[in-house]
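User: Could you take a close look at one part of this model for me, the sheets? I'd like to hear how the strands are laid out and what packs against them.

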Amino acid sequence: MGVLGRMLASVSPGWAARRAKARMQLQAYEAAKPTRTHAAKREGRTANSAVSGGAASLREQARWLDENHDLAAGILDKIEDRVVGADGIQIEPHPLRADGSVHEEFAVMLAARFAEWALSPDVTGLHTFAEAQRMMLRTAMRDGEVFVSLVQGNAPGLIHRTPEKLAFEMLEPDLIPMNFSTFGNEGAQTVQGVDVNSWGRPIAYHVLKVHPSSVVVGSGAMKKVPARNMLHLAFRKRIHQLRGVSFFAPALIRIADLKEYEQSERISARIAASLGFYIKRGDASTFDSDGDWNGEEAKDREFEMSSGQIYDRLAPGEDLVMLESNRPNTHLAEFRNGQLKAVAAGTRTGYSSISRDYNGSYSAQRQELIESMEGYAILQNWFTSHIIRPLYRTWVDMFPRNEIPSDVIPASLYNAIYLGPVMPWIDPVKENEAWKIQIRGGAASEAEWARARGRNPDAVKRQRQREIKYNQEHGLIYDTDPANDNPSAGGGSVNSSPGKPEDGKSK
């Protein structure tokens, strides 16, 4: 405080305080000051308070858009394609021997048994594991979260198809009541249907036995599921946030407005397409003086319309004028594409993918694909970490211990590689050439190449071994000349003409 400020403080402390506060406001960030043109809207609530106030409304709006708006449904479809894919997140077991090598035989056995379990793993028996993955991911992205209850061992009415007695139940977020909160002793409390300890760590979940919108008898009854038996995939953006919020939240208004705008344009275009013509009449001086247009013949005149129609029944002073419309709007596509780019920016997707507009050069398309795939990779890691990995590890825990080879390191039973959809190739020739250069230069491996195509490297090698063996046994010459291909990749080409090669070389 300066000399003047101290003098004012001695006379009027309140005036001096207000003056000092005003000086501090003038020194603040410009964006922090509300003005006539800048509302400076702020969010000062805690993360859980903000979620409690809007999560239910956001997820219900997102569900409606998923059911009624092709754009919203297409965004979720594309996320399913890129994050989970047709076959779901694939799991490649890697149990180890004492010498550190992969126990190939047991790895194959684990993969086969898990594939058998994955045919019908949920409690309803209605979904394969890949289908369930897509449903869980879609629910989490649209509603903001999804819960998966693990059912281990025997349970009334539940039939296990494999020796690994494990099943899971997918739960929508409505079944964990957002408005159920209590306060206990020693810091333990229930926050939005979840029991947490003094550190904020979930220890149990309160689950409604019947959906709150159901009219079935027993609505409102709840059960408590321990945290060790519940997987919670939530879309969180703030620290200490417990429940998830729809990932549509930042773009929800734009998507809804775009649907309403397109609907208005469609209605306008339909009206314009239905318009025909009107008859323009001159002034009164053009009519006869004997009461023309007052008789019955002047009422309900009908004109048949057809291609090449000639109108010759116009009265004196009448003119036929066709109605013109500026619909559909010539700028509709431009405006819509601009809005879709903004939607893509707020939903970790790519404009070309959600708009199905693939115009552009190879470089531009590949750059957009690379940037969008990083966003999909983040979602893939999020989904795998919270759902697939803990689910697979629980399945391993249920694997009969008497079937595990004695030379397998117990701690390595959880070892696995999780394979999701990879970045598609825009130009296979260019992509293959790039991979070939990397492998020959030692910057990449054959396994990476196979995984880049979404394939299991071991399965590819086994298939190629069988193919080579079959070709040799049936007289199909397999060329191993390094000049023809990369020998380190098992190279060579197959000559379908059996017999001695023309150049006399040993093949």
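**The sheets up close**

Analyst: Let's begin with one strand pair and work outwards, keeping in mind that this is a predicted model. Strand E2, residues 145–152, runs antiparallel to E9, and five bridges hold the two together. One spot to look at is Val146, whose bridge partner in E9 is Leu233.

That pair belongs to an open sheet of three strands, where the order is E3-E2-E9 and the pairing is antiparallel. Strand E3 (166–171) and strand E9 (230–234) are the edge strands, and each of them pairs on one side only. Going from one strand to the next, the twist averages 20 degrees. As for what packs here, helix H6, made of residues 129–143, lies across E2, E3 and E9. Relative to E2, helix H6 runs at about 140 degrees.

Now for the other sheet. This one is open too, with five strands in the order E4-E5-E6-E7-E8, again paired antiparallel. At its edges you'll find strand E4 (182–183) and strand E8 (222–226); each has a single partner strand, so one side of each is left without a neighbour in the sheet. Further in, strand E6 (residues 194–196) pairs with strand E7 (residues 202–208) in the antiparallel sense, over three bridges. If you want a residue to zoom in on there, try Asp195, which stands opposite Ala204 in E7.

As a reminder while you browse, strands of a sheet pair through backbone hydrogen bonds, in either a parallel or an antiparallel way. In both sheets here, E3-E2-E9 and E4-E5-E6-E7-E8, the pairing is antiparallel.

Notes: Residues numbered from 1 in each chain as written. Predicted model: local features only at pLDDT ≥ 70, side-chain atom pairs only at ≥ 80, totals over all residues. Heavy atoms only, no water. Pairing = 2+ DSSP bridges. Helix = DSSP H or I, 4+ residues; strand = E, 2+ residues; numbered from the N terminus. Axes fitted to C-alpha atoms, helices over the stretch in contact; angles between N-to-C directions. Contact = heavy atoms within 4.5 Å.
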